[in-house]
Structure formats: C-alpha cells, structure tokens
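Colleague: Please take me slowly through the strands of this model and how they are put together, including the loops beside them. I am new to this, so a connected account would help me more than a list.

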Amino acid sequence: MKVAVRMDFVTEELKRLKDEGLYTYIRTIESPQGPWVVIEGRKVLNLCSNNYLGLCNEERLKDKAKKYIDQYGVGPGAVRTIAGTMSVHIELEKKLAAFKGTEAAMLVQSGFCANLSAIPALVGKGDLIFSDELNHASIIDGCRLSRAEIVRYKHNDPDDLERALKEKEGTNCRKLVVTDGVFSMDGDIAPLPELVEVAEKYGAMIMVDDAHGEGVLGRRGRGIVDHFDLHGRVDVEVGTLSKAFGVMGGFVAGKSELIEYLRQKARPNLFSSALTVPDVAANIAAVEILQESGELVEKLWDNAFYFRARMGELGFDTGHTQTPITPVMVGEATLAKELSMKLFERNVFAQAIAFPTVPKGKARIRVMVSASHTRDDLDYAVSAFAEAGKELGIIG
Ligand code: PMP
C-alpha cells in the first residue's frame, strides 16, 4: 500500500513566514553587479552587495576569465581527488597563501563550504568547540556537522571564553576556538589577540573566519591576522572569494601540514567538484590587483567613514561598527521593511535585515558601502535616507 507523502507543512510554513513579515522577497538584478544596478528596468543605487572593492565587473577579472576559458575550458571534471587537480587551482592556492602570509591554502567551492570543510575535519565526537554566540551560520553548521560538543561564549568576550575553557580544563580531547573575524551584521571586529592568548593558554586550536576581513582589514586587505599582526599564531584561517574578491569560492589557509591533512580529510574536497576555471581565473586577477596596490582598500574606508559620519549627523544610529559594514538600526522588522521600500521608491536598493538573521527588535538596514561608490552616490544615498527616515519618524 502506498503512503501519501504529505507536504502540507511547506504551504503552512510559507504562509506563516508571509503572515509574520519574515518572508524574504528576492529582487532580480538585470545588470552586472556594481554601484548602480538595474532592477525591474530601473537604475538603482546598490547598497546591498558584499562587492566591497567593486571587482565583480572589473575588466582585468573578466579578461583573465576569458583567457583561461580559452586555455583550460570551463569545468573541473570531477572532485580533485578523483579527476586530478588542475594547475589553475594550484596557481590560485599559491597566490592566496602568499597574500594571506600562510604556508599554504586549499580552495573550496564557497566560504560556507570552507567552514564545513575545516571544522568537522579538525574535531569530532568527544571533542569540544568554543564558539562565539554570534558566529555566522556556516560556522554553526560546521560545528553541528562535526558532532563535537559546542560551548557558546559571550560575543567578543575573551574573559567568558577563558571561563568556558577553564570549566573544561583537564578534559582530554581536542579543543577548537572559532570566531568570525568581522561580524557581518554589526561590523564589529573580534578581539583576536586576546582570543589567541586564551586559546594558547588552554591548549586549544584557534580558527577565524575572515570572510568580511579580506580585502578590507590589514595591509592591502590581507585580513584580520595581518591587521593584528598575528601571523603564525592563528591555526586555521577561513576565507571567501565571493565578497571583496568579487567572484565566488572559499579557502582554508594555514600551515602546509594542516592543508595537506585537509586535502585528505575535508569532505567538500573529497566529495564535491572543484571551482570552475573562470571562477579561479578571475580570482587570480583579483589577488593580483590587491597585491599591486592598496588604492581600492583605501577608497573603501574613505567611503565608509564619510557615509557613517553623514548618517550620524542626521541622527541615524549606526550601531558599533568598526568596518565598512554599516547597520542603520531601526528596531522593528516592519519598520525596517517600510524604510527599505521607501528607499527603493527613491531608487536606492538597501535591504532590511530582521529576525532570524538578527535578534528580534534589532531589525536594520545593512548598508554595504563599496570602493566603487562615488561621493555623489553616497550623497544621493544619504538624502534618500534623510527623506525616508523623516517620513517614518526614525529621525527628527
Ligand atoms: N562566513 C561569513 C562570516 C559570511 O558572512 C559568509 C557570507 N555570508 C560566509 C562565511 C559564506 O561565504 P560564501 O558566500 O562564500 O559561501
């Protein structure tokens, strides 16, 4: 006898999300990514993208991708351990390791995959993970996949991490401390020197996810480890190529032996095909651009400081960001959505972010300023925020 597969919960859950204002409507972009994009036939100022340095549509990246497609084709064939690794992937890995100042790096399909690669390969059942309570979803999923016990410590609080490690002192197992480098919703930076010190004291490994630090922090955007001059003291560095690098992909960087180990043990490397050739090629060009000049990184920071200062003068609360991620705090999810709609009416694309991505009552518009925005673009954004914010009573 056949049992009917019941899918009613899908309909019910979609209805619930819509009723509670938690449903995300995804806009379709009809142009390349850039400071201005075309949505529904309208040119709008883009304040949503993680395209920090404006590289998504950069000529050098596109030229390199085209050249490598002609030379190497597009697909990697299969997973690297089965179909062999292509020389282009090795070329990018060497460049990434040099850029990060580590001995080696291993490419994977995305930043999300990089966390799923590293964490379950390093710890397992019977081991302990100490994870910042606000870590990114991909770290959380990597931790869950590992089946290690997860101990959450208070956000950016090395004293609380120490308390947690002390409680488990004497437990004879592997211990891993893991944190975002830059927290993607608030833009604050992890106190990495203090976290490293505590991890070292209690014999724990330390891992940082530098997704929002690469291309942003450190000399010419080398990331959080360079920013704090902690080279050699962070065991595992996870990175993404989908934000400042303007392409797609992820990687893990560290000592040669760690990378050799991950190539043998990390499941996304063993069971999922490698990045495509154009992705790899464009990423090679992106690293080269960063190695040649710090100009884009400087422009990004100038823009971020300018925008934040102007928003502050208007009376907007931009939280406690320390990076170009600029949360415009609104409070209630419905108000944040209304603000986003009003901005869109004024040709400004800035998405509302609400629960469950951020805590209830802390809804916001997260503004992502890019190096490719001009001063005029930023002034345009500020005027739109001023008008919409006054209409909604967010500012006086
Ligand atoms: N880690 C953090 C901290 C992130 O913000 C993101 C992207 N939202 C990722 C990992 C995932 O990166 P990717 O988009 O390359 O999968």
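Which residue in β13 is the bridge partner of Ile 353?

Modeller: The bridge partner of Ile 353 in β13 is Arg 364. Before building on that, please note that this is a predicted model, in which local features need pLDDT of at least 70 and side-chain atom pairs count only at pLDDT 80 or more, while totals for chains, interfaces and linings use all residues. Residues are numbered from 1 along each chain as its sequence is written, and side-chain values use heavy atoms, with hydrogens and water left out.

The pair you asked about belongs to the contact between β12 and β13, two strands that run antiparallel and are joined by 2 bridges. Strands here are DSSP runs of E with at least two residues, helices are runs of H or I with at least four, and both are numbered from the N terminus; two strands are said to pair if DSSP finds at least two bridges between them. In general, strands of a sheet pair through backbone hydrogen bonds, in either a parallel or an antiparallel sense.

Stepping back, β12 and β13 are part of an open sheet of 3 strands, whose order is β10-β13-β12 and whose pairing is antiparallel. β10 (325-331) and β12 stand at its edges and each has a single partner strand, so one side of each is left without a neighbour in the sheet.

Between β12 (352-353) and β13 (363-368) there is a loop, and Pro 356 is found in this loop. The peptide bond that leads from Phe 355 to Pro 356 is cis, with omega near 10 degrees.

A second open sheet makes a useful companion to this one, for its 3 strands follow the order β1-β2-β11 and their pairing is mixed. Its edges are β1 (36-39) and β11 (348-349), each with a single partner strand, so that one side of each is left without a neighbour in the sheet. The two senses of pairing can be followed strand by strand: β1 pairs with β2 (residues 42-46) in the antiparallel sense over 4 bridges, whereas β2 and β11 run parallel and are joined by 2 bridges.

Individual residues let you trace these pairings on the model. On the side of β1, the partner of Ile 39 in β2 is Arg 42, and Val 37 stands opposite Val 44 in β2. On the side of β11, Asn 46 stands opposite Phe 349. The hairpin of β1 and β2 has 2 residues between the strands, and in this hairpin Glu 40 takes a positive phi near 50 degrees.

Another positive phi, near 70 degrees, is found at Arg 147, a residue other than glycine. Arg 147 lies in the loop that separates the helix α6 (137-146) from the strand β5 (149-153).

To return to your question, you can now place the partnership of Ile 353 with Arg 364 in β13 within the sheet ordered β10-β13-β12.
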